[in-house]
Amino acid sequence: MDDITELQNKWSTPTNVVLISHRNPDGDALGSCLALYHFLQSHGHNCTPIVPSEYPSVFSYLPGIERVGVYDNNRAELKSKIKAAELIFCLDFNSLDRIDPLASMIQSSKAYKVVVDHHLDPEPFADWYFSDTAASSTCELVFRLIERISGVQDITLDMATCLFTGILTDTGSFKYATNPEVYRIASELKGIGVDDYSINDYIFNSWTHRQMQILGHSLRDRMEIIPELSCGIIALTQEDYRTYQIGRGDTEGLVNYILMIRGMKVAAFIRHMTSGEIRLSLRSKGDISVQALAREHFGGGGHKNAAGGSSSESLSETIEKFKKVVKFYLA
């Protein structure tokens with residue numbers, strides 16, 4: 001992490017700022033983008049938050065969500081915003097392949113680039129890094145950044161709501177990747193006035209009948225448990241996606257149900273989406289590193305206990321490959 005005064009100097013004068021997060025944005029991606037958006041706007045900057053693809057409708061309560069530009073839907077205007085930017089924040093990702101097709105524009109931009117992120121192995125494409133792999137979330141880091149530069153008193157209720165959302169979702173309601181600092185921050189955000197009950201209700205109690213059907217089908221018909229490996233797999237086909245009209249966010253958290261089963265240490269959610277992509281979401285307990293598994297076999301990455309990747313093979317071949325390699329990562 002560089003001297004923070006360098007960043008303070010860069011944002012001391014109002015300028016054109018772009019805030020970017022990763023494709024298929026989650027609560028931490030959107031929360032960190034919007035919290036920093038509100039903060040910088042309040043200091044006179046002209047800010048544009050951008051994500052490459054659509055976000056789940058469950059996050060429609062976030063203050064300022066209507067200001068988030070979806071590049072897939074508005075390429076010409078958002079491309080011009082990136083070209084005009086003098087300061088670019090890259091939030092909740094540290095490798096440019098997470099923001100394809102924005103990667104080449106960000107790489108070639110002359111703007112001062114800042115990465116705020118908590119994932120492993122950052123790529124050297126930015127000018128300034130605020131990175132901590134021990135942090136619960138990027139929202140935790142945004143809070144710490146604002147606190148150091150300006151003070152907690154400058155965090156508004158809108159910012160706090162966004163920050164709490166990212167912390168809540170990335171920790172799985174304070175079950176994973178917690179640390180003493182994140183509880184302090186949660187307390188500060190509650191003191192600012194965050195309605196934690198309503199945020200929990202928005203995120204976890206907003207399911208549709210169709211989403212319940214997807215969950216039931218996944219657990220009843222598409223889940224395979226491998227007791228000798230302490231491992232489980234849920235695999236969805238393209239036909240499943242068509243039959244249940246599965247959209248963005250409909251399978252969020254599905255992989256975690258496997259780890260609710262006694263004795264399970266590794267969970268994989270493997271799906272063949274209508275776009276033709278084979279994607280993997282991996283979760284683990286304890287010292288088992290699904291980040292290493294994803295990086296070494298599926299061109300992905302993430303955190304030690306939560307990672308993702310992709311495959312160019314068929315769904316059945318990907319499942320078989322996962323079964324073959326997972327045994328080498330069991331602690």
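A residue is called buried when its relative accessible area is under 20%, exposed when it is over 50%, and partly exposed in between. By that scale Phe174, with a relative accessible area of 22%, is partly exposed. The structure described here is a predicted model, and its protein chain holds 12 helices and 12 strands. The radius of gyration of the protein chain is 20 Å, close to the 20 Å that the globule rule gives for 331 residues, so the chain is as compact as a globular protein of that length.

**The chain as a whole**

- The C-alpha trace of the protein chain spans about 60 × 40 × 40 Å when it is taken along its principal axes.
- Of the 331 residues in the protein chain, 51% are buried, and the accessible surface of the chain comes to about 14,800 Å², with 47% of that surface belonging to carbon and sulfur atoms.
- Among the contacts in the protein chain with a separation of 6 or more, 65% are between residues that stand 24 or more positions apart.
- The protein chain carries 32 positive and 41 negative charges, and the mean positions of these two sets are 5 Å apart.

**Backbone features in loops**

- The peptide bond that leads from Asp100 to Pro101 is cis, with omega near 15 degrees, and Pro101 has its place in the loop between β4 (87-91) and α4 (103-108).
- Asp121 is not a glycine, yet it has a positive phi of about 55 degrees; this residue lies in the loop between β5 (112-117) and β6 (128-131), where Asp121 is exposed, with a relative accessible area of 53%.
- Phe174, which is likewise a residue other than glycine, has a positive phi near 65 degrees, and it is found in the loop between α6 (157-170) and α7 (180-192).

**Salt bridges**

- Side chains of opposite charge can pair when their charged atoms come close.
- A search of the whole structure finds 16 salt bridges, and the points below describe some of them.
- Glu239 and Arg242 meet through their side chains in a salt bridge with an N to O distance of 3.4 Å; both residues lie in helix α10 (residues 238-243), where they are 3 residues apart, or about one turn of the helix.
- Both members of that pair are partly exposed, Glu239 at 46% relative accessibility and Arg242 with a relative accessible area of 49%.
- Lys304 forms a salt bridge with Asp287, and the closest N and O atoms of the two are 3.2 Å apart.
- Lys304 lies in the loop between β11 (301-302) and β12 (306-311), while Asp287 lies in the loop between β10 (278-284) and α11 (290-297), so this pair ties together parts that are 17 residues apart in sequence.
- Lys304 counts as partly exposed at 36% relative accessibility, whereas Asp287 is exposed, with a relative accessible area of 60%.

**A network around helix α7**

- Glu147, Glu181, Arg184 and Glu188 are joined into one network by salt bridges that share partners.
- Within this group, Arg184 forms a salt bridge with Glu188, and their closest N and O atoms are 3.6 Å apart.
- Arg184 and Glu188 are 4 residues apart in helix α7, and they are therefore separated by about one helical turn.
- Arg184 is partly exposed, with a relative accessible area of 29%, and Glu188 also counts as partly exposed, at 30% relative accessibility.

**The surroundings of Ser53**

- Ser53 has its place in the loop between β2 (46-51) and β3 (69-70), and this residue is buried, with a relative accessible area of 0%.
- When its neighbours within four places in sequence are left aside, Ser53 is in contact with Arg23, Asn24, Pro25, Val70, Asp72 and Arg248.
- The C-alpha atoms of Ser53 and His22 are separated by 8.2 Å, although these two residues are 31 residues apart along the chain.

Notes: Residues numbered from 1 in each chain as written. Predicted model: local features only at pLDDT ≥ 70, side-chain atom pairs only at ≥ 80, totals over all residues. Heavy atoms only, no water. Helix = DSSP H or I, 4+ residues; strand = E, 2+ residues; numbered from the N terminus. Rg over C-alpha atoms; globule rule 2.2 N^0.38 Å. Buried < 20%, exposed > 50% of the residue type's maximum accessible area, 1.4 Å probe, protein only. Contact = heavy atoms within 4.5 Å. Areas by Shrake-Rupley, 256 points an atom, 1.4 Å probe, with all protein chains shown as cover. Lys, Arg positive; Asp, Glu negative; His and termini not counted. Charge placed at Lys NZ, Arg CZ, Asp CG, Glu CD. Salt bridge = Lys/Arg side-chain N within 4 Å of Asp/Glu carboxyl O.
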